[in-house]
Amino acid sequence: MRGSRSGRPIMALLDLLGRRWALRILHELRHGPLTFADLRGHCDAMSPSVLNHRLAELRQAGILALRRNAGYELTSEGAALCASLAPLQDWARRWARRSTSSGRAPAARPARR
């Protein structure tokens, strides 16, 4: 898997999740299985080839499974990953509210050297 050359599992995971549409796919599957067509409908701008590629990567990583007649679903590892991301989603909601109330996104602080 890309990103794993460092020997750091977190880097490999962040590389996988940072790929275009990967997090959106997980988000759409968090409440239950969806077929390929359903996923395409939820992710309107995604091409079928990109969806196929992402689904294959997430299946290879053990995050998704394909069930006959049910579509794609999170594995137990995938469900645990989504649960682990919930605090990040909570933080993002608070950040978005602050951004909306101030009329702009919070400014990032310059990196210190």
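Okay, so let's start with Glu 28 and Arg 24, whose side chains meet in a salt bridge, at 2.8 Å from N to O. By salt bridge I mean a side-chain nitrogen of Lys or Arg within 4 Å of a carboxyl oxygen of Asp or Glu. Why are these two about one helical turn apart? Because they sit four residues apart in helix H2. Helices here are DSSP runs of H or I with at least four residues, strands are runs of E with at least two, and both are numbered from the N terminus. Glu 28 is buried, with a relative accessible area of 14%, while Arg 24 is partly exposed at 32%. The cut-offs: buried is under 20% relative accessible area, exposed is over 50%, and partly exposed is in between, using a 1.4 Å probe and protein chains only.

Before I go on, a word on what we're looking at. This is a predicted model, so local features need pLDDT of at least 70 and side-chain atom pairs count only at pLDDT 80 or more, while totals for chains, interfaces and linings use all residues. Residues are numbered from 1 along each chain as its sequence is written, and side-chain values use heavy atoms, leaving out hydrogens and water. pLDDT is the predictor's confidence in each residue, from 0 to 100. The protein averages 87, and 86% of the residues score at least 70. Among the elements, H1 has the lowest mean, 91, and S2 the highest, 97.

Now the overall layout. There are five helices and two strands, and along the sequence they run α-α-α-α-β-β-α. Of the 113 residues, 26% are buried.

Back to charges. How many salt bridges does the structure hold? Six. One of them joins the side chains of Arg 19 and Glu 57, at 3.0 Å from N to O. That pair links distant parts of the chain: Arg 19 is in the loop between H1 and H2, Glu 57 is in helix H4, and they are 38 residues apart. Are they buried or exposed? Both Arg 19 and Glu 57 are buried. They also belong to a network of salt bridges with Asp 15 and Arg 54.

Over in helix H5, Asp 90 forms a salt bridge with Arg 93, with the closest N and O atoms 3.5 Å apart. These two are three residues apart, so about one helical turn separates them. Asp 90 is partly exposed at 37%, and Arg 93 is partly exposed too, at 45%.

Next, the inside. In soluble globular proteins, nonpolar side chains tend to be buried together. A nonpolar core here is a set of buried Ala, Val, Leu, Ile, Met, Phe, Trp, Tyr and Cys residues joined through side-chain atoms within 4.5 Å. The largest one has 19 residues, and Leu 39 is among those that touch the most other members. Helices H1, H2, H4 and H5 and strand S2 each give two or more residues to this core. Contact means heavy atoms within 4.5 Å. Leaving aside neighbours within four places in sequence, Leu 39 is in contact with Glu 28, Leu 29, Leu 34, Leu 51, Leu 55 and Tyr 72. So there's our Glu 28 from the opening pair again.

Last stop: Ile 10, in helix H1. Ile 10 counts as partly exposed, at 48% relative accessibility.
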